[in-house]
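Welcome! Here is a short tour of one protein model, meant for someone seeing it for the very first time. Please take a look at the sequence and the structure before reading on.

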Amino acid sequence: QRLRLESCALERVAMPRAVVRVAKWKDVRFTECDLANAELTALTAVRVEMLGCRMTGLRLGETSWQSLLISGGDQRYAQFRYSKFENCEFVGCDFQDSDFYGADLRGCVFKDCRLHNVEMTRAKLVGTDLRGSIVDGMRLEAADVQGAIVDVAQALVFAPLLGIEIR
């Protein structure tokens with residue numbers, strides 16, 4: 001139930017429904033791996049790339065990520081509650097119906113991601129760049145979105161949440 005990975009590249013590895021209680025990843029690249037419905041707790045990850053991975057239903061409670069890149073793949077229904085993301089970038093990801101409740105996403109970049117119906121209540125989004133991503137249906141409160149970087153179309157989506165009426 002422990003998984004330590006360091007200075008390695010994993011390609012097309014399947015770990016669906018795996019349960020790992022303690023994990024440490026450093027300098028790891030996952031390419032087209034299957035982590036669907038896996039559960040990882042007490043994960044600490046530094047300089048990790050996840051390229052085209054299937055992460056549907058992945059459960060990552062209170063994990064710590066530093067210098068993470070997730071590009072492409074399927075992250076629908078993934079759970080990142082109370083996780084901390086430092087210097088992380090998400091490119092072309094499908095996070096539809098995922099859960100980032102209470103996550104620390106300060107300074108992260110979501111580029112061309114699908115964030116439809118994502119739970120972001122109590123997430124820290126100061127300096128988080130959401131530009132170019134789909135944010136309709138995102139669940140959060142007015143205080144949560146303060147300090148986030150958004151484009152004009154996203155500002156229109158968030159306006160009712162902030163009590164702004166645009167005519």
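## How to read the model

Helices (H or I, at least four residues) and strands (E, at least two) are DSSP runs, numbered from the N terminus. With that in hand, we can place Arg 17 in the loop between strand S1 (2–11) and S2.

This is a predicted model, in which local features need pLDDT of at least 70, side-chain atom pairs count only at pLDDT 80 or more, and totals for chains, interfaces and linings use all residues. Residues are numbered from 1 along each chain as its sequence is written, and side-chain values use heavy atoms, with hydrogens and water left out.

## Two residues with positive phi

Let us stay with Arg 17 for a moment. Although Arg 17 is not a glycine, its phi is positive, at about 60°. Residues are called buried under 20% relative accessible area, exposed over 50% and partly exposed in between (1.4 Å probe, protein chains only). Arg 17 counts as exposed because its relative accessibility is 61%.

Glu 32 also has a positive phi, of about 50°, and is not a glycine. You will find Glu 32 in the loop between S3 and S4. With a relative accessibility of 42%, Glu 32 counts as partly exposed.

## Strands side by side

Two strands pair if DSSP finds at least two bridges between them. One open sheet has 3 strands in the order S2-S4-S6, with parallel pairing. Its edge strands are strand S2 (19–20) and strand S6 (59–61), each of which pairs on one side only. S2 and strand S4 (residues 39–41) run parallel and are joined by 2 bridges; here Val 20 stands opposite Leu 40 in S4.

Strand S7 is a good place to look next. Strand S5 (residues 43–51) pairs with S7 in the parallel sense over 7 bridges, and Val 48 has Leu 68 in S7 as its bridge partner. S7 also pairs in the parallel sense with strand S8 (residues 84–86), over 3 bridges, where Gln 66 has Glu 86 as its partner in S8. Strand S9 (residues 89–91) pairs with S7 in the parallel sense over 3 bridges too, and Ile 70 stands opposite Phe 90 in S9. As general background, side chains in a regular strand alternate between the two faces of the sheet.

## Aromatic rings

A pair of aromatic rings is described by the distance of the centres and the angle of the planes. Rings of Phe, Tyr and Trp (its six-membered ring) pair if their centres lie within 6.5 Å; planes under 30 degrees apart count as stacked, over 60 as edge-to-face and the rest as tilted. By this rule there are 14 aromatic pairs. Why is the pair of Trp 25 and Trp 65 called edge-to-face? The ring centres of Trp 25 and Trp 65 are 6.2 Å apart and the planes stand at 70°, so the pair is edge-to-face. This pair links distant parts of the chain, with Trp 25 in strand S3 (residues 22–31) and Trp 65 in strand S7 (residues 64–71), 40 residues apart. Trp 25 is buried, with a relative accessible area of 1%, and Trp 65 counts as buried at 2%.

Phe 85 and Phe 90 make an edge-to-face pair because their ring centres are 5.8 Å apart and their planes are at 75°. Both of these Phe residues are buried. Ring pairs link a cluster of residues, including Trp 25, Trp 65, Phe 85, Phe 90 and Phe 110.

## The loop between S10 and H1

Two residues help us explore the loop between strand S10 (109–111) and helix H1 (142–145), and Arg 122 is one of its residues. Arg 122 is exposed, with a relative accessible area of 54%. Contact means heavy atoms within 4.5 Å. Leaving out residues up to four places away in sequence, Arg 122 touches Tyr 101, Gly 102 and Asp 144. Arg 122 and Gly 132 are 10 residues apart in sequence, and their C-alpha atoms are 22 Å apart in space.

Is Thr 128, in this loop between S10 and H1, buried or exposed? Thr 128 counts as buried, at 0% relative accessibility. Not counting residues up to four places away in sequence, Thr 128 touches several residues, among them Leu 105, Cys 108, Phe 110 and Ile 149.
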